[in-house]
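These are my notes from going through a structure, entry by entry. I wrote down what I looked up and what came back.

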Amino acid sequence: MQLSDDTRAVIEFLEASIEGGLRKGNDVGTILELGASLGEADLFNQISRTGTATWKVYSTLRRVKPGDEGYRQLEEEFALQMNALREQIATLVNHADDDTLRRFDEVYFGMTQGVIRNIVDLAHDLAKIKALQRDAE
């Protein structure tokens, strides 16, 4: 998907503003571009909120050991948040070109460890964007 100059400028700003940069900058750009071009600001905000929740649960889950109290609930919550994020992204990219659809299908909608890592990386970026939005308010 071709990104507009405005979207490229936003991605450059985010890369410079987020310590360590974006992990999935191209995909964030695609999501931003689709959200803007389709007038889906509310859906983008939902995606960023769900991504933030996914990242927070994942970060907590990494600090807890299997068998610890609450571990199973964290796993279940992570799965719920991850699936909600995938559904929201699917709703948005459903309007994309075929190449973008195929790419997102391979990267985010399968059931492999690699897909989960990709979702976590995207959730990281979305959480960082949400934090920048909060700081700007």
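**Entry 1: V120.** I started with how far V120 is covered. V120 has 5% relative accessibility, so I put it down as buried, the cut-off for that being under 20%. The model is a predicted one, and I read every value here as computed from it. I then looked up the element and found V120 in helix 6, which spans residues 113–136.

Which residues does V120 contact, once its neighbours within four places in sequence are left aside? I got W55, Y58 and F78. I also checked V120 against D68: the two are 52 residues apart in sequence, and their C-alpha atoms are 22 Å apart in space.

**Entry 2: the rings beside V120.** The three contacts of V120 are W55, Y58 and F78, so I turned to aromatic pairs, where ring centres must lie within 6.5 Å. A pair of rings is described by the distance of the centres and the angle of the planes. My search of the whole structure returned three aromatic pairs. One of them is W55 with Y58, a tilted pair with 5.8 Å from centre to centre and 35 degrees between the planes. Both W55 and Y58 sit in helix 3, residues 41–63. They are three residues apart there, about one turn of the helix.

Are W55 and Y58 buried or exposed? W55 is buried, because its relative accessibility is 16%. Y58 is partly exposed, because its relative accessibility is 24%.

Y58 has a second partner, F78: the ring centres are 5.8 Å apart and the planes stand at 40 degrees, so I noted this pair as tilted too. Y58 belongs to helix 3 and F78 to helix 4, residues 71–93, so the pair ties together parts 20 residues apart in sequence. F78 is buried, because its relative accessibility is 10%. Taken together, ring pairs link W55, Y58 and F78 into a cluster.

**Entry 3: E76.** I stayed in helix 4, where E76 is also placed. With a relative accessible area of 41%, E76 is partly exposed, because that class runs from 20% to 50%. I took the C-alpha distance from E76 to L132 and got 28 Å, for two residues 56 apart in sequence.

**Entry 4: D27.** Next I looked up an acidic residue in helix 2, residues 25–37, namely D27. Is D27 buried or exposed? D27 is buried, because its relative accessibility is 3%. Setting aside neighbours within four places in sequence, I found D27 in contact with R103, F104, V107 and Y108.

**Entry 5: the whole chain.** I finished with the chain as a whole. What does the secondary structure come to? I counted six helices and zero strands. Along the sequence the pattern reads α-α-α-α-α-α.

For the overall dimensions, I compared the radius of gyration with the value for a compact globule. The chain has 15 Å, and a compact globule of 137 residues would be near 14 Å, so the two agree. The C-alpha atoms fill a box of roughly 50 × 35 × 25 Å along the principal axes. I have 42% of the 137 residues down as buried.

On contacts, I took those with a separation of 6 or more; residues 24 or more positions apart account for 68% of them. The accessible surface is about 8,000 Å², and 46% of that belongs to carbon and sulfur atoms. Last, I looked at the charges: the chain has 16 positive and 24 negative ones, and their mean positions are 7 Å apart.

Note on methods. Residues numbered from 1 in each chain as written. Predicted model: local features only at pLDDT ≥ 70, side-chain atom pairs only at ≥ 80, totals over all residues. Heavy atoms only, no water. Phe/Tyr/Trp six-rings, centres within 6.5 Å; stacked < 30°, edge-to-face > 60°. Helix = DSSP H or I, 4+ residues; strand = E, 2+ residues; numbered from the N terminus. Buried < 20%, exposed > 50% of the residue type's maximum accessible area, 1.4 Å probe, protein only. Rg over C-alpha atoms; globule rule 2.2 N^0.38 Å. Contact = heavy atoms within 4.5 Å. Areas by Shrake-Rupley, 256 points an atom, 1.4 Å probe, with all protein chains shown as cover. Lys, Arg positive; Asp, Glu negative; His and termini not counted. Charge placed at Lys NZ, Arg CZ, Asp CG, Glu CD.
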